[in-house]
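Student: I should like a close look at a single part of this model, namely the paired strands and their surroundings. Please describe, in one connected account, how the strands are joined and what the side chains around them do.

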Amino acid sequence: MQYRPQRLDDRDAYRGRRRAPAPPRRRYVAVSLTALAGAAIAATAVGTLLPDNKDDHLGAEGPAWPTQADHERTQAAELTSRQTRSSGSVTVADTASWVLPMRDYELGSAAGNGADLVIGEGTPFAAVHAGTVLVAEWRGSYGNMIMIDHGDGVVILYGHASHLLVKPGDKVAAGQTIGLVGNTGRSAGPHLHLEVHVNGRPVGAPNWFKDRGVDLQLQIQGL
C-alpha cells in the first residue's frame with residue numbers, strides 16, 4: 001500500500017504549543033496614532049527651544065544702508081530740487097547748528113548704537129542738521145524711514161515714521177520738519193528711532209550728539 005502524506009490542519013500544527021495572541025487591529029491603530037502624536041509634540045517642543053532666527057534691526061528685509069541705486073535716484077531728485085529752488089518756490093536756510101528733532105519725548109532704550117525717542121504718534125520731527133535726503137521710503141524693520149546725508153561722512157537715519165514729508169534729493173535745514181512719528185516696521189510703540197553713521201559705520205548716538213551740543217537725555221541743544 002503506497003504511503004500518502006496527509007496535510008495537517010493549521011490547528012493541528014500548533015497543537016500543544018502556545019501562540020502569542022495577536023493584538024486587535026483597533027489597538028494597533030490606536031498605538032500608531034499615539035506614537036505619531038508624541039513625535040509631533042516632541043518636534044514642537046524642540047522648535048520652541050531653538051532661538052528665533054530673525055534678522056536684527058539692521059538686517060531685516062535687506063540692508064538699510066543706501067545702495068548705489070539710492071544714490072543715483074538721489075542725484076536725479078537733487079537736480080530737480082535745485083531747479084525748483086531756483087524758481088523761488090522753496091527756501092532752505094543754510095546753518096551749521098545741530099538741534100533736537102523734537103521735544104517733550106521720553107528717551108527709551110534702543111538696541112545697539114541707536115536712540116529711541118518715545119512720544120505720541122503723529123508728532124512732527126525735524127532734521128537735526130542741514131543736509132540732503134538720501135532715502136525716504138519703507139525699509140523693512142525700520143518701517144517708513146528717512147536717511148539724510150549731513151556732510152563730513154555723517155548720515156543719520158530716522159525710523160518708524162507714520163508719514164514722510166520729504167523725498168530723495170531734497171535739501172533740508174536744521175529744525176525743518178521732515179516727518180511724523182509713527183509705529184511702523186518692527187516697533188513696540190510710537191517713537192522716533194535715530195541712528196548715526198560716520199563714514200559708513202554706526203556710532204553711539206547719545207554721546208555723538210552730546211559732543212555737538214545736543215543732549216538727547218536732558219533735551220538741551222546748543223545755540
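Tutor: In this predicted model, a convenient point of entry is glutamate 137, whose bridge partner in strand β5 is methionine 145. That bridge belongs with the pairing of strand β4 (residues 131-138) and β5, which is antiparallel and extends over six bridges. The two strands form a hairpin with five residues between them. Within the turn, glycine 140 has a positive phi of about 55 degrees.

The side chain of glutamate 137 also has a charged partner. A salt bridge connects glutamate 137 to arginine 139, with the closest N and O atoms 2.6 Å apart. How exposed are these two residues? Glutamate 137 has a relative accessibility of 29%, so it counts as partly exposed. Arginine 139, in contrast, has a relative accessible area of 14% and is therefore buried, since the cut-off for a buried residue is under 20%. The count of salt bridges comes to two. The other joins the side chains of lysine 167 and aspartate 170, at 3.1 Å from N to O. Aspartate 170 is buried, because its relative accessibility is 14%.

From β4 the account passes to strand β5 itself (residues 144-151). Six of its eight residues are buried, so β5 is largely enclosed by the rest of the structure. Besides its pairing with β4, strand β5 pairs with strand β6 (residues 154-164), again in the antiparallel sense and over six bridges. Two partnerships illustrate this pairing: asparagine 144 has alanine 161 of β6 as its bridge partner, and glycine 151 has valine 154 of β6.

Strands β5 and β6 form a hairpin with two residues between them. Aspartate 152, in the loop between β5 and β6, has a phi near 55 degrees, a positive value in a residue other than glycine. Most residues other than glycine have a negative phi. At 78% relative accessibility, aspartate 152 is classed as exposed, since the cut-off for that class is over 50%.

Strand β6 takes part in further pairings. Nine of its 11 residues are buried, so β6, too, is largely enclosed by the rest of the structure. An antiparallel pairing over six bridges joins β6 to β9; within it, tyrosine 158 has leucine 194 of β9 as its bridge partner. Strand β8 (residues 177-181) also runs antiparallel to β6, and three bridges join the two. Here histidine 163 has leucine 180 of β8 as its bridge partner. Strand β6 thus has pairings with β5, with β9 and with β8.

Beyond β9 (191-198), the loop leading to β10 (201-203) contains asparagine 199. Its phi is near 55 degrees, a positive value in a residue other than glycine. Asparagine 199 counts as exposed, because its relative accessibility is 63%.

A buried charge deserves attention as well. Aspartate 116 lies in strand β2 (residues 115-118). Although buried, aspartate 116 has no salt bridge, and the nearest side chain of opposite charge, that of arginine 186, is 12 Å away. What does the side chain of aspartate 116 contact? A polar contact of 2.6 Å joins it to the side chain of histidine 193.

The account closes with the aromatic side chains. The whole structure contains three aromatic pairs. One of them is formed by tryptophan 98 and tryptophan 208: the ring centres are 5.1 Å apart and the planes lie at 85 degrees, so the pair is edge-to-face. This pair links distant parts of the chain, 110 residues apart: tryptophan 98 is in the loop between α3 (68-86) and β1 (106-108), and tryptophan 208 is in helix α4 (residues 205-210). Tryptophan 98 counts as buried, because its relative accessibility is 14%; tryptophan 208 is likewise buried, with a relative accessible area of 8%. Tryptophan 208 also forms an edge-to-face pair with phenylalanine 209, at 5.4 Å centre to centre and 90 degrees between the planes. Phenylalanine 209 is buried as well, and Trp98, Trp208 and Phe209 form one aromatic cluster. Finally, the charged end of arginine 212 sits over the ring of tryptophan 208, 3.8 Å from its centre.

How values were computed
Residues are numbered from 1 along each chain as its sequence is written. This is a predicted model: local features need pLDDT of at least 70, side-chain atom pairs count only at pLDDT 80 or more; totals for chains, interfaces and linings use all residues. Side-chain values use heavy atoms; hydrogens and water are left out. Buried means under 20% relative accessible area, exposed over 50%, partly exposed in between (1.4 Å probe, protein chains only). Helices (H or I, at least four residues) and strands (E, at least two) are DSSP runs, numbered from the N terminus. Two strands pair if DSSP finds at least two bridges between them. A salt bridge is a side-chain nitrogen of Lys or Arg within 4 Å of a carboxyl oxygen of Asp or Glu. Rings of Phe, Tyr and Trp (its six-membered ring) pair if their centres lie within 6.5 Å; planes under 30 degrees apart count as stacked, over 60 as edge-to-face and the rest as tilted. A charge sits over a ring if NZ of Lys or CZ of Arg is within 6 Å of the ring centre and within 35 degrees of the ring normal. Lys and Arg count as positive and Asp and Glu as negative; His and the chain ends are not counted. A polar contact is a pair of N or O atoms within 3.5 Å; within protein, one must be able to donate a hydrogen and the other to accept it, and residues adjacent in sequence count only if both atoms are side-chain atoms.
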